[in-house]
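Student: Got a minute? I'd like to go through this model piece by piece.
Tutor: Sure, let's look at it together.
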Amino acid sequence: MRATFNTTFFIQRTRCNSEGKAPILCRLTVNKETIHISTKQYVLPDHWDSTTYRTTAQTKEEKVINRALDEMQGAIQRHYYDLQGAGEVISAGKIKMRLCSTDEKANMSIGKLFDLFITDYEQLVLTQDYGHESFFRYKVCKDRVMHFISMNYKTSDLPLTSIDKRFLDKLYLYLRTERGLNNNTAVKFLHRFSSVYKMARDNGWVNGDPFKLQHLHLDKVDRSYLTQTELNKVMEKEFETQRLEQVRDVFIFCCFTGLPYIDAKKLTNQHLKVWSDGSLWLTLHRQKTKVPVNVKLLPIALEILDKYKDSIASRGGKLLPVLSNQKCNEYLKEMAAVCGINKDITFHSARHTFATTVTLENGVPIESVSKMLGHTNVKTTQLYARITDTKVSNDMDVLQENLQGVFDKPLMPSIKARKKVAQAKEIAQLAQQLGVAL
C-alpha cells in the first residue's frame, strides 16, 4: 500500500510573542499520522498567506523566512524519499527525528560545541574521575578561541564548518603573537582544542579532521632537575622563613617519592600501607592517569612525614602542608636563588630529580623507575630520567670490575710485527758485542 505524505505550514495566531509575531509551524502527515514541527520562524499574522502557506514577502526578512520554509520542506521530502529508497517503514516521527538531527548539525557553532563539552566535562569532575585543573584549562581554551574569533572575524561565534587548516594556522599565529605563548604551549593549546573538536566528529556534526592537516611539533625541552650536590644544598640549607622551609620539605618529599604536585597535595593516612616486611609504602592511583602507584618510603621521606604529623588535623587530614601550585612554584624559585642554584626550578622538577638523581644514578633499573612514576610506557620515563655522566661513570666502574680476569691477556701482535721486534733485538745484541752505539 502506497504511503500518503503531505507537508504544510501554518501560524499559531493565539501564541504571538512580545513583538506581535506568530510562530510558524510545519504540519507533517504520513499515513494519517500528523505531527507538528517548529520552524523557529515568526511572522506578523497579517503578513501570512494561508493559501500559499508562506509569508506575503512584503519585507526582506519575510523573503528570508520563505526561503527557510522552502529549504525545510525540501529537507523533509529528501528524508521521506531516503527512507522509501532504503525500504524502511516510513513514519512522521522518524522523519522528524532525522530532520531535527540535521538541524542540530546545521546550528552547531564553535561556542556551542565548547559549552556542551565543558558541561559534560564538569559532570566528570564532580565524579572525581577528572581533575579541576584540566577543567579550568578547557574553559581558558574556550575563552581564547572565542576572543580570537571576535578579533579576526568581527563576530561573536562561527559555525563548525569554519574550522579548516587556514583557521587553525591563524589561531596558532594569534597564540604566538597576540597571546605571547611559546611554541610548546601553543601546540598543547591546539591539542586541547582538538579534543573538543573530536566531540563534533563523534556526533557526526562535522566531516574530516582539519587538525590532522597541521604539522606542528613540540620543541625538545631541557627539563630541570637537581644534581646530588644541588639536592644536598637544598636539604642542608637553613631558611629564615617557615614558608620556604615548608615548601622545601614538600619538594624534597617528592624528590624521594616521585609524586607530582596534585598527588602530593591529596595524601592522607589512607594512602600509607605497612607491607609484610614492616616497611611503610605509599599506595595510590595517579590523579592524572588513574594508574596504581606503589612507592616505598625512604628514610628522608619518613622523616618529613614525621615532622608534620602533629598538624594533620589542622590540614583536614592531609599529610603535608602543600600550598597552591602557583605559590609553590613562586617560592621554589626563591628557594633556588637563596641556595645559589641557577636553574628554573618548578614543583615538577622534583619528579625529574627522583627519576634521574635519586633512582637511575643509584642503579635502579628504568623499568622500576617507570612503575614508581606511574608510567605505562618506558618511553615516557625516558623524558624524566636522564642518563647523566655520573650514571655513565658508575656503570663503567661496574663494567671494569666485572671484566677483571676475563680479558687480561695482552693483544697478540701480527707475525710481521713480531719478526721486526726479533730483528731489532738481534741487531741490538750484535752492536753490544761489537761495542758499536746504535
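Student: Where does N66 lie?
Tutor: In helix α1, which covers residues 60-85. Keep in mind that this is a predicted model.
Student: Is N66 buried or exposed?
Tutor: Buried. The cut-off for buried is under 20% relative accessible area, and N66 has 12%.
Student: What does N66 touch, leaving out residues up to four places away in sequence?
Tutor: R54, T55 and A57.
Student: Okay, sheets. In what order do β1, β2 and β3 sit?
Tutor: The order is β1-β2-β3, in an open sheet with antiparallel pairing. β1 (5-11) and β3 (33-43) are at the edges. Each has a single partner strand, so one side of each is left without a neighbour in the sheet.
Student: How much are neighbouring strands of that sheet turned against each other?
Tutor: By 20° on average, direction ignored.
Student: How many bridges join β1 to β2?
Tutor: Seven, with β2 spanning residues 22-30. The two strands run antiparallel. One bridge partner pair there is F9 with C26 of β2.
Student: And how many bridges between β2 and β3?
Tutor: Nine, again in the antiparallel sense. Across that pairing, L28 stands opposite I35 in β3.
Student: Which way do side chains point along a strand, in general?
Tutor: In a regular strand they alternate between the two faces of the sheet.
Student: Back to C26. Buried or exposed?
Tutor: Buried, at 0% relative accessibility.
Student: How many disulfides are there?
Tutor: Zero, with a disulfide taken as two cysteine sulfur atoms within 2.5 Å.
Student: Why does C328 have no bond to another cysteine sulfur?
Tutor: Distance. The closest cysteine sulfur is in C254, and it is 9.0 Å from the sulfur of C328, so too far for a bond. C328 is also buried, at 2% relative accessibility.
Student: What about the hairpin of β2 and β3? How many residues are between the strands?
Tutor: Two residues. N31 of that hairpin takes a positive phi near 50°. K32 is found in the loop between β2 and β3, and K32 has a positive phi of about 70° although it is not a glycine.
Student: What's the usual sign of phi?
Tutor: Most residues other than glycine have a negative phi.
Student: Is K32 buried or exposed?
Tutor: Exposed, with 80% relative accessibility.
Student: Which loop holds Y53?
Tutor: The one between β4 (48-49) and β5 (54-55). Y53 also has a positive phi, about 60°, and is not a glycine. Y53 is partly exposed, with a relative accessible area of 37%.
Student: Now helix packing. At what angle do α8 and α11 cross?
Tutor: Roughly 100°, with axes that come within 10 Å. That makes α8 roughly perpendicular to α11. α8 covers residues 242-255, and α11 covers residues 325-338.
Student: Which residues meet there?
Tutor: On α8, they are R243, L244, V247, R248 and F251. On α11, they are C328, Y331, L332, E334 and M335. So C328, which we met as a buried cysteine, is part of this contact.
Student: How many nonpolar, polar and charged residues are in that contact?
Tutor: Seven nonpolar, no polar and three charged.
Student: Where do β6 and β8 stand in their sheet?
Tutor: At the edges. The open sheet has the order β6-β7-β8 and antiparallel pairing. β6 is 272-274 and β8 is 292-296. Each has a single partner strand, so one side of each is left without a neighbour in the sheet.
Student: What is the average twist from one strand to the next there?
Tutor: 30°.
Student: How many bridges pair β7 and β8?
Tutor: Five, in the antiparallel sense, with β7 at residues 280-285. One of the partner pairs is W281 with K296 of β8.
Student: Last one. Where is A355, and is it buried or exposed?
Tutor: A355 is in helix α12, residues 349-359. A355 is buried, with a relative accessible area of 0%.
Student: How far apart are A355 and T381 in space?
Tutor: 7.9 Å, C-alpha to C-alpha, with 26 residues of separation in sequence.

Key: Residues numbered from 1 in each chain as written. Heavy atoms only, no water. Pairing = 2+ DSSP bridges. Helix = DSSP H or I, 4+ residues; strand = E, 2+ residues; numbered from the N terminus. Axes fitted to C-alpha atoms, helices over the stretch in contact; angles between N-to-C directions. Buried < 20%, exposed > 50% of the residue type's maximum accessible area, 1.4 Å probe, protein only. Parallel < 35°, antiparallel > 145°, perpendicular 65-115°, else oblique. Contact = heavy atoms within 4.5 Å. Nonpolar A, V, L, I, M, F, W, Y, C, P; charged D, E, K, R; others polar.
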